Amino acid sequence: LGALTALPAVAQKSADTLRIAVNDPFSVLDLYHFPQDEVGNFNRATSGTLIKLDEFKGQFIGELAKAWRRIDDKTIEFDLRDDVTFHSGNKFTAEDVRYTVEYLKDPKSKMRFADRFSWVKEIQVLSPYKLQYVAVEPKSTDMITISQQHYIYDSAVHKALENGADYGRVSASGTGPYKLVSLDRNDGVKLERFDK
């Protein structure tokens, strides 16, 4: 055991590659349709949310949003970044947020944990880079829910799929620092750095 712990991390420096072992292989990189811990680790690297929680400082920080304000007890307004590009090359806009939340709220979108999205009454798009989340009723955990459970789809890519549940299997386009190159249940997940 002592000899094993002294071994270096499994990396292929010559190929600029880090290899990570997973316990449960998966065939789709989409937390909405496949809510599994292993998927979550990769999903967070490839997809973005409007805000993140900085757990060390105990405050929210922007990711796809650059500013936000509470309008009333049911409405949060977000100013979005205008310099974000999806892995597909499509520009990120407020329409992508509206589309994602409407898809997730749609009863035809069969998924576990649908109640994570039913609290949203609507997404009001005010401009290409400004929107409002409007809740059905006041929700004390709205900001943490948005930060941890509302990953945004590339609406143009998602709309083109016959089955929306194939987004993380057939084609995935996120805004994260890594993009999906390939996904195979036997060969694993291959990501590469996304500089945009």
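**A walk through the helices and salt bridges**

Let's start in the middle: the buried residues of helix α3 are covered by parts that include β6 (75–80), α4 (115–118), β7 (120–127), β8 (130–135) and α6 (155–159). Covering here goes by contact, meaning heavy atoms within 4.5 Å. Helices (H or I, at least four residues) and strands (E, at least two) are DSSP runs, numbered from the N terminus.

Before going on, a word about what you're looking at. This is a predicted model, where local features need pLDDT of at least 70 and side-chain atom pairs count only at pLDDT 80 or more, while totals for chains, interfaces and linings use all residues. Residues are numbered from 1 along each chain as its sequence is written, and side-chain values use heavy atoms, with hydrogens and water left out. The pLDDT is the predictor's confidence in each residue, from 0 to 100. It averages 84 over the protein chain, and 90% of the residues score at least 70. Among the elements, β6 has the highest mean, 98, and helix α1 (residues 2–5) the lowest, 45. Over residues 1–9 the pLDDT is below 50, and this stretch has 0 contacts in the model beyond near neighbours in sequence.

Now the overall picture. The chain has 6 helices and 10 strands, and 40% of its 196 residues are buried. Buried means under 20% relative accessible area, exposed means over 50%, and partly exposed is in between (1.4 Å probe, protein chains only).

Back to α3. Its 12 residues should span 16 Å at 1.5 Å a residue, and the end C-alpha atoms are 17 Å apart, which agrees. (The expected span is 1.5 Å times one less than the number of residues.) The buried residues of α3 include Ala94, Val97 and Asp96. What about Asp96: how far away is the nearest side chain of opposite charge? That side chain is Lys159, 7.3 Å away, and Asp96 has no salt bridge. For charges, Lys and Arg count as positive and Asp and Glu as negative; His and the chain ends are not counted. A salt bridge needs a side-chain nitrogen of Lys or Arg within 4 Å of a carboxyl oxygen of Asp or Glu. Still, a polar atom of the Asp96 side chain lies 2.9 Å from the backbone nitrogen of Thr93.

Elsewhere in α3, Glu102 and Arg98 do form a salt bridge, with their closest N and O atoms 2.7 Å apart. The two are 4 residues apart, about one turn of the helix. An α-helix has 3.6 residues a turn, so residues three or four places apart point the same way.

Next, have a look at Asp79, which counts as buried at 13% relative accessibility. Its side chain meets that of Arg69 in a salt bridge (2.4 Å, N to O), linking strand β5 (residues 65–72) to strand β6. Asp79 also forms a salt bridge with Lys130, where the closest N and O atoms are 3.6 Å apart. That pair lies 51 residues apart, with Lys130 in strand β8.

Finally, try helix α2 (residues 37–46): 7 of its 10 residues are buried, so the rest of the structure largely encloses it. Its cover includes β9 (178–184) and β10 (188–193). The loop between α5 (142–149) and α6 holds His150, which is buried at a relative accessible area of 1%.

Notes
A polar contact is a pair of N or O atoms within 3.5 Å; within protein, one must be able to donate a hydrogen and the other to accept it, and residues adjacent in sequence count only if both atoms are side-chain atoms.
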